Amino acid sequence: MDLQEKILTSFLQLENKGIIDLDSNIHKIREKAINAFKKTGFPTKKEEEWKYTSLKKLLKYDYSLFPTNENTIELKNVKQHLIHEIDSYKIVFIDGVYSSYLSDTTHEGMDICLMSSALKKPKYKMIIDHYFDTITNKKDSITSLNTAFAIQGAFIHIKKNTIVEKPIQLIHFATNTEKALLLQPRNLIIVDENSHVRIVEKHQGLNNDNITLTNSVTEIFANKRAIIDYYKIQDDIENNSLLDQTYIQQKDNSIVTINTFSFGGNTTRNTLEFHQNGEHIDSNLNGITILNKKQHVDNHTLVMHNQPNCESHELYKGIYADSATGVFNGKVIVNKIAQKTNAFQQNNNILLGDKATINSKPQLEIFADDVKCSHGCTIGQLDEMALFYMQQRGISKKEAQGLLLYAFGNDVVEKIAIPELKYRITKLIAQKLNVKLGF
Amino acid sequence: MLKITNLHAGVEGTEILKGINLEIKAGEVHAIMGPNGSGKSTLSSVIAGNETYEVSQGEILLNNESILDDAPDVRSHKGVFMSFQYPVEIPGVTTTNFIKTAINAKRSYLGLDDLPAKDMLKLIKEKAALLEMDRKFLSRSLNQGFSGGEKKRNEIFQMAMLAPKLAILDETDSGLDIDALKIVANGVNKLKNENNAVLVITHYQRLLDYIVPDFVHVLHNGKIVKSGGKELAFELEEKGYDWLK
Amino acid sequence: MNKYTEEDLKKELQNQEYEFGFYSDLNSETFPIGLNEDVIRAISKKKEEPQWMTDWRLDAFKIWKEMDEPDWANVNYEKPDFQSIAYYSAPKKKEKLDSLDQVDAELLKMYAKLGISINEQKRMNNVAMDIVVDSVSVATTFKKTLGEKGILFMPISEAIQKHPELVKKYMGTIVPKKDNFYAALNSAVFTDGSFCYIPKGVRCPMELSTYFRINEGGTGQFERTLLIADEGSYVSYLEGCTAPSRDENQLHAAVVELIALDDAEIKYSTVQNWYPGNSEGLGGVYNFVTKRALCEKNAKVSWTQVETGSAVTWKYPSCILKGDNSVGEFYSIAVTNNHQQADTGTKMIHLGKNTKSTIISKGVSAGKSQNSYRGLVHIGSRADNARNFTQCDSLLMGNNCGAHTFPYIECKNNSAQLEHEATTSKIGEDQLFYCNQRGIDTEKAIALIVNGFSKEVLNKLPMEFAVEARKLLEISLEGSVG
C-alpha cells in the first residue's frame, strides 16, 4: 500500500474513532480537505511551486500516522533543547502527544489548550468557526492533508490588552522509536487587540534510530495593534524532515515578525504566507539558513499586500556547504488598491561547497503604481580581500572565514529580541560553521 | 511685472495663503521672509502653478495678464522661473539634455525653430562658466548624486539658460556653504537687469547680504504683515519674527 | 470568401493528380487553411526544397502534434485555432501607388513623428521613386560590398538551395524542433526568413538589416533566421523597424538561431512594433518568438531589443554560454500600453568557465497593460568563475496596469558570483511639476523621463536606430496620462 492509500484509509479510521462530531463544521472542513488531497496527492517537481524540492525520497517510507506507543522522556535528557535559562511557558508534545509533565502553561490572560479539545469543546465553537482553516492555501495539498488530520498541536488565544511577558515555547519532540512516523501538528494562534506575544517553535528528534516526517500547519491571526514575534528553530537531527506551513493574517497596525533559523534536518520546506488585511501593517520575514552535507531547505514565502499604507521587509541569508541545496522563492503581490506600499525583499547567498546549489526566485507582482518595491538577490563567496586582510593581521584563514560568515548572517541575528535566544542562535551558528567565536 | 491681489490658496481645504497683495516691477528685487510654516514656499509654488495647491480667491497678473489658468509650462514660457528648494532628480536624463529640451520647448512656444546645436553648446558653455560649474555635471543625470550646493548651482545655471522675466528663488540659500552661496548670488546678480525681476524667498537674512533687495516683506500666517526696505531684513535678523505677531 | 477547406483541396488534388502530377501545379497563391502533412509537403514543394528539408519539416510536424500550447506565461489571450490558419501565402505584390496621397493618412502621421524621410516613406509603401534613391541600386551596392568579403546574406529559402551544407549543419541545433510548441510549429511550416554567414576573421563592414534585405517580399508569419559568425568574425544585425507594421496575420511565431564560433561577436538588435491592437484591446498581433544564441570559446552575443508593439508578446532571447570566457548580454526595453501584454526576458545558461552575462531589462507599463520580466540565470557545475549581473526596473504609469518580475536563479558552482536587483517606481508628480516649471509639457516630460529610464538600453542600439527608437517610445506612450 503506498503512502497516499494508507493516508486515505487512516482518515476513515480517524473518523470512526469519533473524535470529531460528524455533524460539525469541522467534519465538513476535514472531508473537503481529504478530498482535495486525494485529488492532487503529494506535490511533485512538475508543479511550479515545487520545482526545486522533491519529496520523492521522503515519501518512500512506510509511515505510521498514529504513534503506537505513548512515550515519555526525562526532563534531564531534553533540557538542552529548551530555553531553560529564562522563565517561559512551555507546550511540549512527544510524538504528537501532549506531555503535561514537560509542559508549563497558564490561563492568565490567555487560553491555551490542545487543538483536539479546541475543535471539540462547545466553548470554543464560535472562535474555531471564525478562525480555523480560514487562511490556509487550499491549493496546497499537504496543508489539506494536515487539515484532514488536525488533532495534534496547540490552540493559543491571547486575550485583548495582554502583554505576555514570558515567551511561549512550542516544542515537538520525536522519540524516533516507531519505524517511521508522520506527525501532523496543527496550531491556531490568535492574538487579540493590543496584545503582545513572543513564541519559539522547535521540532526536535532525539536520535537517529528511525525517521520522523513532520507536516505542520500553523495559522496565526494578529488583530489590531497586536505584536507577534515568532521564532522557528530548525536544528533537527539528520534523519528528520519538516514540511512547515505557516499562514498569517494581520489587521490594522499590527506587527508580525517571523524568524526562521534553518540549520538541521534532512529536508525542510518552509511555506510562509502573510495576508495583510488592514492598513499600517508591518510584516517582517527574516531567515538564516546554514546547511552542509546533503541537507535541503526550501524557503517559500508570499506577502499579499491587500490594503494601502503597509510595509513588508524580507531578508533571507543562506550559507551552503558540501552538497547542500537551498531554495528561496519569495513572492510579493501588491494589489491594485494597496497604494503607498513599501515592500523590500532581499536574498543573499554564499556557496561554500563544490557541490552546493542555490535556486532563487525573488518575484514581484505589482498592480499599484504609487509603491516602493524592490528585491535583490546575490550569490557569491567571501571577500578575498577581507580574508587576506584578516590573515595579514594574524587570524587563521579558517577563523577569518568563520568570522566573515558569521558577519554575513549577523544582521538577521541582531533582530532577535530575546537575549537568551540570541545567545543560543549565535552558538548554533558558530557550531554549524565550526568556528570558535569569542563570546 | 507681477501683480498679486488678494490671493487665497491652500491644499485640500486648508487655507495657507490668506490674502496676499504684492506688486513687483521690472528691475526690482523683492525678498519675502517669514518663519517656518508662514506660507513662503506655498506662495512660490502657487505663482509657478503647482497643481497641488488650489487658488480659491484673488488674482495673479504677469505683465497685466492673468496666469492663473495657465499650466506650469506655459507660465514658464511666459517668463516665470522658480528655483526649487529641493531640486528633483531625474535618473538617466543629463542636465544638458534636460535644459536643451526646456529651451527648445520655450522656443517652440514662441514660434521659433530649435536652437542650432552649435549655438546651444556656446550658450551652455557661457552660462556654465558664469556659475563656475564643472562641465562634468552637465553630462551627469539631472541632480542625481549632486551635493546640495551643486543642485542649487544647477538651478541658477538653468535660470541663466532660460533668461526668465521673473525669477523666484525658493530658499536657495538652504544647504549652501558660504562659497557656494557667493557663487550662486553672484550668478543671480549678473543675470539681473532693468527688464527682469527677482523674488527671493528666505528664512534668513544671510542670502540678502549678497542679493540685495529693494523691498522686504514679512509673511506671517498667510499674510504679508510688514513691508519695508532692506533694513527690515536686518531688523528681523536681530529681533526674530516674534515682535511682529 | 468561403473557406477553402481541406476537403476541397483533396478533391482538387484528386482531379488534378493524373493530369499534372501530384502537387506539381498548385498555382493558387494561398494554400487552404489547416495543417497536415500534405500541406507541409506542399510548402516544401512550393519552395522547391530538397528532400532532406521536407523530411525535416515533417519530423517537426510530428513532434508538434504531440505538444500542448504552453500556458505558463503571464499572459491571457484566446488561443489561436491552428486549423484555421493558412500556412502559406506567396508574397503579395503590393499595389503600385502614384503618390503618397494614396497612403493611409494615419500611417503618414506616424512616419512624420518618427522622422522617416519622404523617400523612405515612399519606399515602404511601394510608391514609385525617382532614380536617386532607387532601393534596388542601393541593395546592389550592398550586395557587392558583402560579396567581396565573402559574406553570405540571403533569404533562408535561397540558402537551402545554395548552401545546404551550412543550413544542414546548423539549423535546429540551437533551437531544436522539440524545443517548444511554437518552435516546433515554425520548424514545420516556416516560409521565410534570413540566412547570414560571416566567414572566419571577417568584420562585417555595415549593419546588416532585414530592412535592406535583397529580394524580400513582406515579412512572413513564421520567420526563420539563421546567423552564423565563424571564428573571429563580427557582425551587427538589425531586425524590424520602427515604422508601424500592420499585418493581416495575427499569429507570429519566429525562430532565430545565432551561432558565434570561437572569438566571434554578434550584436543583434531588434525593434518590434507590430500592431498592438486598438485602445479597446481588439485585434493586434500575437508574437511568440524563440531566439537563442550559442557562444563558443571567447565568443560574445549581445541581444538588444525595443519592444513596443504586439498585443501579446512571448519572447526570451537567450544565450548558451558553452565556450570558456564567452559573454552574453541582454538589453531590453518593453513598453506596454492599453491592453497589451508582454512576457519577456532572457535565459543565460552558463556552461563554460569564466563566462559572463549582463541583463538589463526595463519595463514601462501604461494603460491597462501587463508587463512581465521572466528570466533564467543558470550556472552549471563546471562554470567556474561565472559572473552575472541582472537589473530589472519597472516603471508604472497609472493604476490600471501591472509590472511583474519572475527571475529564476540557479547556481551549482561555488565560485560564481551573481547579483540581481529589481525596482519598481512611478513617474513622480514632483518630477512632472519640475519639468513643467522649466517649460516642458507633461507629455514631453513623460517622454523625457521614460527615455532617461531606458537610457542604458537605448545606448546599446546602433546610432540611427536609437534615434528612431527614442521617438517610438514617445509615440507608444501618447495619451497614457490624462
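How many of the five residues of strand β3 (residues 110-114) of chain A are buried? That was my opening question today, and I kept in mind that this is a predicted model.

**Entry 1: strand β3 of chain A**

I went through the strand and found it mostly covered, with four of its five residues buried. Next I looked for its partner. β3(A) pairs with strand β4 (residues 154-158) of chain A, and the two run antiparallel over five bridges. To pin down the register I picked D111(A), whose bridge partner in β4(A) is H157(A).

**Entry 2: chain A as a whole**

I stepped back to take in the full chain. I noted nine helices and 20 strands in chain A. Does its radius of gyration agree with that of a compact globule, or disagree? It agrees: a compact globule of 439 residues would come near 22 Å, and chain A has 21 Å. Along the principal axes, I read a span of about 70 × 55 × 45 Å for the C-alpha trace of chain A.

Burial came next, and 62% of the 439 residues of chain A count as buried. I then checked how far along the sequence the contacts reach. Among contacts in chain A with a separation of 6 or more, 84% involve residues 24 or more positions apart. For the surface I wrote down an accessible area of about 17800 Å², with 50% of it belonging to carbon and sulfur atoms. Last for this chain, I looked up the charges: chain A has 52 positive and 51 negative ones, and their mean positions lie 2 Å apart.

**Entry 3: chain C as a whole**

I put similar queries to chain C. Here I found twelve helices and 20 strands. Of the 482 residues of chain C, 59% count as buried. Contacts between residues at least 24 apart make up 83% of those in chain C that join residues at least 6 apart in sequence. The accessible surface of chain C comes to about 19900 Å², and carbon and sulfur atoms hold 49% of that.

**Entry 4: one serine in chain C**

I zoomed in on S361(C), which sits in strand β16 (residues 356-365) of chain C. Is S361(C) buried or exposed? The relative accessible area of S361(C) is 8%, so this residue is buried, the cut-off being under 20%. I also wanted to know what surrounds the residue. Setting aside neighbours within four places in sequence, S361(C) is in contact with F330(C), S332(C), Y373(C), Q391(C), C392(C) and D393(C).

**Entry 5: a glutamate and its sheet in chain B**

For chain B I chose E54(B), a residue of strand β4 (residues 54-62). Its relative accessibility is 61%, so E54(B) counts as exposed, for which the cut-off is over 50%. Beyond neighbours within four places in sequence, I listed H8(B), A9(B) and G10(B) as the contacts of E54(B). I also took one distance: the C-alpha atoms of E54(B) and F146(B) are separated by 32 Å, with their positions 92 residues apart along the chain.

Then I followed the strand into its sheet. I traced an open sheet of four strands in chain B, in the order β2-β1-β4-β5, with antiparallel pairing. Which strands form the edges? They are β2 (14-24) and β5 (65-66) of chain B, each of which pairs on one side only. Inside the sheet, I saw strand β1 (residues 2-11) of chain B pair with β4(B) in the antiparallel sense over seven bridges. One residue to look at there is K3(B), whose bridge partner in β4(B) is L61(B).

Terms used
Residues numbered from 1 in each chain as written. Chains lettered and ligands numbered in written order. Predicted model: local features only at pLDDT ≥ 70, side-chain atom pairs only at ≥ 80, totals over all residues. Heavy atoms only, no water. Rg over C-alpha atoms; globule rule 2.2 N^0.38 Å. Buried < 20%, exposed > 50% of the residue type's maximum accessible area, 1.4 Å probe, protein only. Contact = heavy atoms within 4.5 Å. Areas by Shrake-Rupley, 256 points an atom, 1.4 Å probe, with all protein chains shown as cover. Lys, Arg positive; Asp, Glu negative; His and termini not counted. Charge placed at Lys NZ, Arg CZ, Asp CG, Glu CD. Pairing = 2+ DSSP bridges.
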